[in-house]
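Reader: I should like to go through the reasoning behind several assignments in this model. Please set each value against its criterion.

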Amino acid sequence: MDFSRAQAAQSYSESSDEGHEARASGNSVGEGASNSVPANPASTSIGNRGKKRVKRANTSWVWNHMSKRKDVTDAKGVNIGKRSCCNYCDKNYSPDSNYGTGNMIKHLTKHHQDKIGNEHRKDFSNFIYSKAEMRKGLARYVAAAEQPFTFGDDVRFEHFVQQKLNPVFKKVSRNTTRADTLAEFKVDKEQFINEEIAGFPRGTSVSFTSDMWSGGNNRGYMALTAHYIDSSWKLNKRIIAFRLVEYPHNSTTIFQTVYGVFTEYNLADKVFSITFDNHSANTASIDMFLDNLSPIHGGKLFHMRCVCHIINLVVQDGLKTISLELSKIKDAIHFITTSPSRQQEFDAFCASLSLKPKVFNTDIRTRWNSTYIMLKSCKNYYKAISDFVNPRYGGGFLLSIADWNLAFEFMKFLKVFYTATCACSGVRYPTSCIVLHQLFNISVFFRTYRLRENFVHPLVKMEDKFKKYFEPMPKIFVFAAVMDPRIKLCGVDRLLKGLSTNMGVLFYSIATVKKDLIDLYDLYESKYASTNVASTCPDPCLPRSSVDDPGWSLMSDDASDIFDFDTDTADTSARSELSIYLETERIKITNNQQNFDILGWWQQHAPTFPVLNIMARDLLTPPVSSVPSESAFSAGERVLDDKRSRLAPDILDCLMCLKDWEDTRLGIHPRAAKDELRDYFADSDIDDE
C-alpha cells in the first residue's frame, strides 16, 4: 500500500471512530449516520402491555409546509378523508406514516423551491453515501458551473474529497462524466415533457424567445427559450434548445430548426407567441409558423419584435448625431485610463481635491446604455477631469463646461430609454403589460426635448424610427395592459390618447380596442366555457404601485376609472366575465405601490374569472425582449471556449439546457444586462437610480 492509500485508510479509520462517537451523542453525520437512531424522546413509544403509547411527533421540516387535514375532497368532490396537504397548492398525500415523507419532499423541492429555500438540506441524519448519486450530482455540477468534463478526474480533487469530505470517494473519468451529463439531461428532459408540460393547467400556452449567435468556432447556434405560467401562477423560463443551425441561415432553416424543437417537446399545439429580433430572415419565417401552428386570433398576436432592440435602434440614431459633442468626453476618459502613469497621476490629483480616486471605464461601442452609465459615472468628477486633461492633452483639445452641460442634458434624456430597456428585458415578471406604459413615458420626453436647440436634429431621426416600429402598435401590448388591474381599459385609453398627442400619430381608438378585445375573449369563451358563473370581483388586498413616472401620473388622477360596456356591442357571454372585470374600479395607484404582483392578483381572482384568467395568462406570458435567449450566449462563450471549441452539437445543447434547468432549480438567475453593465462600471461610484 502506498503512502496516499495508507493515509486515506487511516483517515477513514479516524472518521469511523468519530462516527461512533457521533452516534453515541446522537449527532451523526455522513455515511456513518445511516445506522444511527436519533435520540428523540418525543418520537419514541412504550411497547409494554398496559402502558400508554406515546404519539410520535412530526419532526421533519416537511411539516412546516404541509398540513394534515380531515375530510379532504378530490377534484370530483368526493370525500377522501384525512390527507397531508401542501400549504401552497392542492396537492395532497396519504397521512399514513408507512408512506413516509419522500413524495412530499419531492413535491416541495420541485414545485415550491422558492418557499422552502435551503430548509430541506438541514437534516443529514439519514444520509447514505451513494457512488451513483455522487456521479449524478457531479454531472449536474459540471454542467451548471460550466466546468470541463475532466473536473472530477483530477487527482488533486480526489485527494481533497477523500481527506476532507468522504474517504471512499474515487475520481470520475472524463468520459464517465460526459455520459452521466447526457443521462441526467435525458432524465430532466423527459420529466419536463411528461410531468411539467403534461401537467400544465387548462388552457396554458407557451411563449418563446429566440436569437442567433456565432460561436468562437465560426458556427451558428440558435437559443430557444420557453416562457409559461404554471399552476402556482409563477412565470417560468426554460432554455429548451441551444442548437447548431446549418447554413444558410435563411427563413426556411430557422423555421425548420424552431419547429423541430416544438414537436420534440410536444409543444406545437401550445405555442402562443414568439419574440425575435429584427433580422429579416426571422420576420420572413413567420408565415411558415402561422401555416403550421394555427395560433389563436389568426396569428395577430403571434409575432413580436424585440422591444429592446427597437429602443436600441432609436437611441443609436440619436447618438450618431451627437457623437461629435460626446467624443470629447470619451477622448478625455480614454486619455486618463490608457496610461498607468496618467491614471496614478489623476488619482493623486483627485486626492488633492479631496475626491475619492477614480477609475473610469470607457463606454462599450455596441451598447448605447453604457454611454448613459459612463456619463452618470462622470457626474461628480467633470471639473476634475477638465482641469486634469486640458493642460496635458495636445492638439488644441479643450473640454469646456458647455460640453459637460450638453452631455449631462443628454444623459437625462437617455434615462427614460435606459429605464424602459431595463424594465422590458426582465424575465421573472410579465413585461407585455408594461410596454404601452414605457412607450408613453418615452413620448413625453420626445415632447419635452423636441424644441430644445441641441436636440432638434437628434430627435427628428429618433422619432421617425420610433414611429416606424410602433405606429402600427402591436395589439398584444394593448390587450396585456388591459389585463393589468391598475390600468384596464380606462388606463389604456389615456395612454393611447397621450401617445397620439405626444407623437402626432393617431393610434387605435378605444372603440377599436374594445371590439377586438371582445372578439378575443369570445374565442376563449367558446373554447374554455364552463358552468362556472363569474361573480363580483372582490376588493383587492395588494400592495400599491409607484407614481414616480409620467405614465402612472396620467392614470392616477381623479377622473372616472370605471369603463361602461356598451350593451349593443358586448354580447351576453362577454359580459359574464370581461365586462365585470372592466366595470370594476381599477386598483388605485399611490406612492407606496412599488412591486405590484399582477400574477398574484390573477391567482387570487381565478375563481371569479375562470375563462378570463386563461386569457390573461396567455397575454401576460410573452416576453417583449429576446434578452432571455441572448443571456444564454454569455454562458455559451464560456462553455465553447478555445479549449473546447470542438464540442459536439448535442453535448453543447445538453450543457446549456441542463445548466439553465439546474440554475432554475437552485434559484440562481442569470445577471441582467443592467447588472453586467453596472459591474463593468463598478469602480465608478454610480449614483443609485
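Reader: Which residues lie nearest the centre of the second largest pocket, and how many residues line this pocket?

Author: The model is a predicted one. In it, 20 residues line the second largest pocket, and Lys-91, His-107, His-111, Gly-199 and Ser-231 lie nearest its centre. Each counts as lining because it has an atom within 4 Å of a pocket point. The volume of this pocket is about 620 Å³.

Reader: Which elements give two or more residues to the lining of the second largest pocket, and which gives the largest share?

Author: Helix H2 (102-111) and helix H6 (174-197) each give two or more residues. The largest share comes from H2, with five residues.

Reader: What is the make-up of that lining by class?

Author: The lining of the second largest pocket has seven charged, eight polar and five nonpolar residues. Gly counts as polar in this scheme.

Reader: What makes E4 and E7 paired strands?

Author: A pair requires at least two bridges. Strand E4 (residues 206-214) and strand E7 (residues 271-276) are joined by four bridges and run parallel, so the criterion is met. Val-206 stands opposite Val-271 in E7.

Reader: Why are E6 and E8 said to stand at the edges of the sheet?

Author: The open sheet has five strands in the order E6-E5-E4-E7-E8, with mixed pairing. Strand E6 (235-244) and strand E8 (303-305) each have a single partner strand, so one side of each is left without a neighbour in the sheet. From one strand to the next, the twist averages 25 degrees.

Conventions: Residues are numbered from 1 along each chain as its sequence is written. This is a predicted model: local features need pLDDT of at least 70, side-chain atom pairs count only at pLDDT 80 or more; totals for chains, interfaces and linings use all residues. Side-chain values use heavy atoms; hydrogens and water are left out. Axes are lines fitted to C-alpha atoms, for helices over the stretch in contact, and angles run from 0 to 180 degrees between N-to-C directions. On a 1 Å grid over the protein atoms alone, a cavity is a set of points where a 1.4 Å probe fits but cannot get out, and a pocket is an open set with protein on both sides within 12 Å along at least five of seven lines; lining residues have an atom within 4 Å of a point. Grid points are joined across faces, edges and corners, and a volume is the space filled by probe spheres set on the points.
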